Structures are given as structure tokens and as C-alpha cells.
Amino acid sequence: MALHKVVIIGSGPAGQTAAIYTGRARLAPVVFEGGFLSSGDLMTSGGQLMITSEVENFPGFPEGVTGPELVERCREQAKRFGADHREDVIDEVDLGGFPLRLRTGGGEWIEAATVIIATGANARWLGIPSEQTYMNRGVSACATCDGAFYKDVHVVVVGGGDSAMEEATFLTRYASHVTVVHRRDSFRASKIMAERVQKHPKISVRYNAAVDEILGDGRKVTSVRLQSTVDGSMDEMACGAVFMAIGHSPNTQVFRNHLELRPDGYIALKGWTQTSVPGVFAAGDVADSRYRQAISAAGMGCMAAIDAEKLVEEYEATGRLHGHA
Ligand code: NAP
């Protein structure tokens, strides 16, 4: 069986950047682009950028670029340097020895000297159908990405954790007013961030309420229907956008029991991009719950590629790859 020098799992900005760098380093990277994993995780091909309409903060695109176009350009760039993109997933791993072994969605086991995990994370959604109807037309899970599109509009932020506080505070730069809707009577967020929201003149808080439905005119969001979590009563609140901030889930199910995860499910890093297993590196949102930006994911993809390249060089120098080619 041929030994791949590097296998990249994931095709968002982290995975594609890792492919560009390892491709240029002549490591012939194989990129597993994604899809549904048997664990139930969804590693979307192209990652979260695929549900981002306009990206205005990725350097080099002064006019902005759509999320899908940015992914496609990165993919083309990686292909130019010999990356082998496969429309498939990795749904089982054996990282207990050398070489590292990975099972594809098609059931084939492949071998790799190094692996870069860039499977990303997904925003949690409420799961109501109207979220899909108005996705990118008023419904978003990223204020940094989409906040600027809702200038002088009343926006609703759903959630009571630090993300919701951060998103609400950030959105006051653009929105005419922000209402945080939280299902309980107190925030989970850190005191300082909660107080910033509670004292902000442009933010109101609606406690004990859940979004029952997002309403619109077919083209854009016009209001939300809220249900009291205390007495079940309903009312409607006019707004132009709804930002979900109810947490993210990293796509790490496949790696559970094979490498060290943090208590919140993200991959635990032991060095810059090194995981607890030698030869396995991680980049982007699967290991980063803090920054979660396309550009920071791309930066980590570059770092993981350089780390993998150094290790492959070491393996070549010590003859470890010998007999596996
Ligand atoms: P989180 O702490 O898990 O909070 C999620 C919030 O969403 C909770 O208030 C939860 O309500 C609510 N929620 C969850 N599912 C819901 C549903 N189906 N319907 C309505 N509400 C729902 O997530 P997070 O805010 O994304 O933070 C994740 C981690 O990152 C935390 O450790 C946080 O401290 C950290 N973080 C830090 C910063 C910072 O320091 N600058 C910024 C962002 C995030 P309940 O409270 O009722 O459970």
C-alpha cells in the first residue's frame, strides 16, 4: 500500500492552505474534502465559508468575495501545486502506530506519514425550518462576517453565553438597536461581558424567551416570534436580522478515543499545531474556539503544513519512510 506523506482532512481555509503549502513542498497532499461522517458530524466540503455570503475581511479582496468563491480559488491554487482533492470523508482512524491509518467513506484503509486535521466546526442552530429559509438573508451565526450588512437595522442575538455577549456588543457598531434573546433569566456569560451588554444603551435583553419562528416576506427577515419559557405566551418582535450565538460544535467525533480532546470537544494542541499523537497536526476551527476566522484558520493551515513538512523531512533523513513508498 502506498504511503501518503501527508493527508489533509477538511477543505475549508485551513485545509486548503495546508494543501497549498504541502503541495509547494512537493509532499503530494491528498485532501479529503468532506461530507457527512458516520459519527453524525457534518464536515461540509469547503467548510463554514460555504454558508457565508460576502467575505469582506479576508486580505487581498478589497471588493470582498463570496465564501464559496474564496473556497474555490483556494482549491484551484492547491490543485496547481499537485494537491489531490477527493470528494470523500475519513470516518475511522487508527493512530496508534506508524504509519497512521485512515479509513475513507468508501471503506478503503489508507496510510499516511502525517495527517493534518482541518475538519472545522459548525455553528449550532435552533433547528427551526425558517432558519434555512432565511439563511444569509437575515439569519447568520457570525456577526464579524455579516454584521456590516445590517446597518441601521434592529437585530436580534440569540444566546446567553460569552459569544452572544460578544456578538451583541460588536453588532452595536452597525445596528440601530440590538436585542439579546435568552431562554433563561440569567446569562451564562462571564460577569464582565454580561455587564457590558446589560449597561449598553443600544442593547436590550429579553430574558425567558425562545425564538419560536423567524418570519419574513420571502426575501428577508422582518420579525421573530418569541415564546415565553415561563408561561408559553407568544409575541412578535420586528427585526431585520437574527444572529445565532448558541455555541459551536467541533467535528471531532471520529478522533474521540484516538487523540486528546479538550473537555469542550475541541482538539487539544500540545505545541503550535501538534496534537497528542506524533505526526498528527490540527488547524482551524477544529482546534480554535476563540478566533474562528477564515484568515486565522488559513494561518493555522500554513503552520500545520510547515510542521508536517519538517516531520516528513526528519522521517526521510532517518529512513523511516523507507520501504513504505
Ligand atoms: P456557551 O457558553 O455554550 O453558551 C451557549 C448559550 O446558548 C447559552 O446561554 C445557552 O443557554 C444558549 N443555548 C444553547 N442552546 C440553545 C438553544 N437551543 N436555544 C436557545 N439558547 C440556547 O457557548 P459560547 O457562548 O459560544 O461560548 C463557548 C466558549 O467560548 C465558552 O467557554 C466561552 O467562555 C468562550 N468564549 C469566550 C469569549 C471571550 O472570552 N471573548 C468569547 C466567546 C466565547 P443556557 O445558558 O440556558 O444553557
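Modeller: Let's start with a term: two strands count as paired if DSSP finds at least two bridges between them. The structure above is a predicted model.

Colleague: Thanks! What makes E12, E19, E13, E14 and E15 a sheet, and in which order do they run?

Modeller: They are joined by parallel pairing in the order E12-E19-E13-E14-E15, giving an open sheet of 5 strands.

Colleague: Why are E12 and E15 called edge strands?

Modeller: Strand E12 (139–140) and strand E15 (203–206) each pair on one side only, and that is what puts them at the edges.

Colleague: How do you know that E14 and E15 pair?

Modeller: Strand E14 (residues 177–181) shares 4 bridges with E15, in the parallel sense. The cut-off is at least two bridges, so E14 and E15 count as paired. To see one bridge for yourself, find Val181, whose partner in E15 is Arg206.

Colleague: What makes E17 and E18 a pair, and in which sense do they run?

Modeller: Strand E17 (residues 221–228) and strand E18 (residues 234–238) are linked by 5 bridges in the antiparallel sense. With at least two needed, they therefore qualify as a pair. Across this pairing, Leu226 stands opposite Asp235 in E18. The hairpin of E17 and E18 has 5 residues between the strands, and Gly232 there has a positive phi near 80°.

Colleague: Now the ligand. How do you know which residues surround it?

Modeller: A residue needs a heavy atom within 4 Å of the ligand, and 15 residues surround it on that basis. The closest are Asp162, Ser163, Arg183, Arg184 and Arg188. Helix H5 (residues 162–171) gives the largest share of this shell, with 3 residues. By type, the shell divides into 4 nonpolar, 6 polar and 5 charged residues.

Colleague: Why is the pair between Asp162 and the ligand called a polar contact?

Modeller: A polar side-chain atom of Asp162 is 2.6 Å from an oxygen atom of the ligand. The limit is 3.5 Å, so this pair is a polar contact. The side chain of Arg184 also passes, with an N or O atom 2.7 Å from a ligand oxygen. For Gly161, a polar backbone atom lies 3.3 Å from a ligand oxygen, which is within the limit too. Overall, the protein covers 69% of the 910 Å² of accessible area that the ligand has on its own.

Colleague: Where does the ligand sit?

Modeller: In the second largest pocket.

Colleague: What makes the backbone stand out at Pro99 and Arg26?

Modeller: The peptide bond from Phe98 to Pro99 is cis, with omega near -5°. Pro99 lies in the loop between strand E8 (90–94) and strand E9 (100–104). Arg26 has a positive phi, near 65°, although Arg26 is not a glycine. Look for Arg26 in the loop between helix H1 (13–24) and strand E2 (30–32).

Note on methods: Residues are numbered from 1 along each chain as its sequence is written. This is a predicted model: local features need pLDDT of at least 70, side-chain atom pairs count only at pLDDT 80 or more; totals for chains, interfaces and linings use all residues. Side-chain values use heavy atoms; hydrogens and water are left out. A polar contact is a pair of N or O atoms within 3.5 Å; within protein, one must be able to donate a hydrogen and the other to accept it, and residues adjacent in sequence count only if both atoms are side-chain atoms. Accessible areas come from the Shrake-Rupley method with a 1.4 Å probe; for residues, only the protein chains shown count as cover. On a 1 Å grid over the protein atoms alone, a cavity is a set of points where a 1.4 Å probe fits but cannot get out, and a pocket is an open set with protein on both sides within 12 Å along at least five of seven lines; lining residues have an atom within 4 Å of a point. A molecule sits in a cavity or pocket if more than half of its atoms lie within 2 Å of its grid points. Ala, Val, Leu, Ile, Met, Phe, Trp, Tyr, Cys and Pro count as nonpolar, Asp, Glu, Lys and Arg as charged, and the others, Gly among them, as polar.
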